[in-house]
Amino acid sequence: MDGARDPRSDETTEQAGKALAASGVAVRAAGADDVVAGVPPRWVALPETAEEIAAVLRVSEEHDLAVVPVGGGTKLHWGAPPSRCDVLLDTCCLNEVVEHEAGDLVVRAQAGLTVEALAEALAAKGQELALDVPVPGTTIGGLVATAIAGPRRFRYGTVRDLLIGITVVLADGTIAHAGGKVVKNVAGYDLGKLFTGSYGTLGVVADATFRLHPLPPSRTWAAASFARPVRSGPGGDASEEASAPEAVRLAGELHAALAAAAGSQAEPVAVELDWPDVTGPATVAVLVEGAASAERADAVRALLGPEARTVGERPGWWGRLPSAPPPSRDGARAETDAGRDEEPPAGRGETLLELRASPSRVAGALAAVHVTALETGTPAAVRGSAPAGVVHVALRADAGRTARFADALRARVEAADGRLVVLSAPPEAADGLDRWGRVGALALMRRVKERFDPGGRMSPGRFVGGI
Ligand SMILES: Cc1cc2nc3c(=O)[nH]c(=O)nc-3n(C[C@H](O)[C@H](O)[C@H](O)COP(=O)(O)OP(=O)(O)OC[C@H]3O[C@@H](n4cnc5c(N)ncnc54)[C@H](O)[C@@H]3O)c2cc1C
């Protein structure tokens with residue numbers, strides 16, 4: 001994407017600008033800080049209500065303006081860059097808790113409310129939204145639109161599971177509600193499910209209603225390290241021939257530990273894998289919360305082996321996306337948590353992949369990452385909820401190696417009925433990178449897009465096939 005604007009006359013642009021200004025919504029000219037994945041918008045709109053979002057979208061329809069919603073702006077580089085962007089619709093002024101029914105464990109919050117602000121309001125009533133979002137500034141709308149989930153997906157599910165109602169504004173300005181306290185439903189569609197993971201391509205999320213959980217009285221983690229899989233050759237180089245069987249052995253060991261913890265009667269709420277460099281050691285960490293969490297975590301620790309330990313504080317890496325190991329081949333990497341609890345990837349030259357496999361095939365998927373890293377000479381980090389079948393893979397390499405890594409890993413993962421998608425890639429690696437791989441539901445996605453956004457103006461081009 002070269003960031004060029006689509007050609008249209010100054011007069012047309014001026015008319016559209018005037019119409020936006022007359023809409024009654026705060027609108028300003030876009031600046032350098034408003035660029036979306038290399039694409040500069042013309043205006044930034046700052047609506048304060050769903051009705052104001054609708055006013056912006058109606059003007060945008062009349063003047064054929066492309067609209068990209070933004071919340072905290074932490075993941076605007078995820079997905080393909082939009083093919084055009086006239087209006088950046090910033091939800092920062094929609095930042096209220098609309099309703100918190102503590103007795104029913106339900107909250108309705110506006111899209112621009114940050115997850116921290118929501119957590120604070122809920123904690124005052126001893127409740128929480130059971131997603132472990134570690135990134136400051138993340139908004140409710142961004143959370144729904146990107147559909148990332150953290151460690152406790154293992155017990156509580158993902159955004160999609162916890163979302164029970166939604167208000168959205170469609171491309172033509174229609175305000176639609178689903179679930180929660182229903183006012184109007186769009187017939188035949190489960191709006192909450194459709195908009196979860198939609199990256200702003202179907203419309204704008206105005207507010208979301210979630211199921212809550214009581215804050216647990218205590219939390220304890222059990223963790224164990226597993227030795228590195230690689231037999232190093234002279235000079236520390238690892239050859240695939242020497243290490244692939246070791247990778248399979250380690251992946252098997254990890255899988256056994258993860259499965260034992262996941263099936264434990266201690267009822268963990270999360271079972272996570274952290275493998276900061278797939279040619280080095282890995283950690284399995286398990287969270288037990290609620291009554292007698294220390295005793296129950298002790299039972300899990302026993303399952304993880306003699307070296308395992310329990311800790312009262314969450315590991316620094318917990319719930320964070322992985323960061324790529326440095327691009328060296330010696331496998332050396334700091335073993336401490338120092339520096340690892342900083343804000344991860346966010347377009348710092350790293351590529352972030354999401355790997356999904358059936359839980360019974362996780363061992364094979366982990367071994368596949370290791371073998372692919374060696375084969376392509378690309379160090380990689382893996383982290384995620386392996387027993388739930390979802391891990392993230394981070395790497396930092398030049399464009400050619402990144403594409404080779406993604407293609408080779410995808411071939412292995414898809415052969416075992418898994419999926420691999422590229423969540424984000426630096427611009428220099430993006431060309432020639434197949435972001436999506438095999439997409440079975442493309443025809444269905446197109447029909448949904450046409451139904452919700454027939455003019456193709458909502459975050460156009462973010463998804464596969466130009467959707
Ligand atoms: C448990 C958990 C752990 C996470 N861990 C990490 C981590 O370690 N590191 C990390 O970097 N991230 C992590 N994330 C992702 C983090 O939550 C993102 O920052 C968030 O999903 C994006 O929020 P945002 O407000 O910054 O969205 P933005 O960056 O503003 O937007 C992201 C996408 O959503 C669209 N969008 C935004 N708002 C709306 C709306 N109202 N309607 C429609 N579309 C909209 C945008 O157009 C864009 O495509 C984690 C998320 C979870 C749930």
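Let me start with Val168, whose bridge partner in strand β10 is Val205. That pairing belongs to a longer stretch, in which strand β8, residues 163–170, runs against β10 in the antiparallel sense over seven bridges. I should say at once that what we are looking at is a predicted model, and that everything I describe is computed from it.

Staying with β10, there is another strand to consider, namely β6, residues 106–110, which pairs with β10 in the antiparallel sense over five bridges. Here the example to look for is Gln110, whose bridge partner in β10 is Asp207. As for β10 itself, which spans residues 203–211, eight of its nine residues are buried, and the strand is therefore mostly covered, given that buried means under 20% relative accessible area.

From β10 we can move to the ligand, since β10 is one of the elements, along with β3 (67–70) and α4 (140–146), that each supply at least two residues of the shell around the ligand. Which element gives the largest share of that shell? It is α4, with five residues. Altogether 36 residues surround the ligand, and the closest are Pro69, Thr74, Lys75, Thr146 and Leu321.

If you zoom in on the backbone, you will find a backbone N or O atom of Pro69 at 2.6 Å from an oxygen atom of the ligand, and for Gly72 the corresponding distance, again from a backbone N or O atom to a ligand oxygen, is 2.7 Å. A backbone N or O atom of Gly142 also faces an oxygen atom of the ligand, in this case at 3.4 Å. Taken alone, the ligand exposes 970 Å², and the protein buries 100% of that area.

Now to the packing of the protein. In soluble globular proteins, nonpolar side chains tend to be buried together. In this model the largest nonpolar core has 47 residues, and within that core Leu254, Leu304 and Leu355 touch the most other members. Helix α10, residues 362–376, contributes the largest share of this core, with seven residues. A second core, separate from that one, has 29 residues, among them Leu143, Val144, Ala178 and Leu191.

Leu355 deserves a moment of its own. Once its neighbours within four places in sequence are set aside, the contacts of Leu355 include Ala365 and Val369, then Val390, Val391 and Val393, and further along Leu409, Val413 and Leu420. Arg419 and Gly389 are also in contact with Leu355.

One residue in a loop is also worth your attention, and that is Ser264, which lies between α8 (240–262) and β13 (270–275). Is Ser264 buried or exposed? Ser264 counts as buried, because its relative accessibility is 10%. A polar atom of the Ser264 side chain lies 2.8 Å from the backbone nitrogen of Ala266, and, not counting residues up to four places away in sequence, Ser264 touches Val300 and Leu303.

Let me end with the protein as a whole, which contains 13 helices and 19 strands. Of its 467 residues, 54% are buried, and the protein exposes about 18,700 Å², of which carbon and sulfur atoms supply 52%. If we take the contacts with a separation of 6 or more, residues 24 or more positions apart account for 70% of them.

Technical notes:
Residues numbered from 1 in each chain as written. Predicted model: local features only at pLDDT ≥ 70, side-chain atom pairs only at ≥ 80, totals over all residues. Heavy atoms only, no water. Buried < 20%, exposed > 50% of the residue type's maximum accessible area, 1.4 Å probe, protein only. Helix = DSSP H or I, 4+ residues; strand = E, 2+ residues; numbered from the N terminus. Pairing = 2+ DSSP bridges. Core = buried A, V, L, I, M, F, W, Y, C linked by side-chain atoms within 4.5 Å. Contact = heavy atoms within 4.5 Å. Areas by Shrake-Rupley, 256 points an atom, 1.4 Å probe, with all protein chains shown as cover. Near = heavy atom within 4 Å. Polar contact = N/O pair within 3.5 Å; in protein donor to acceptor, adjacent residues only side chain to side chain.
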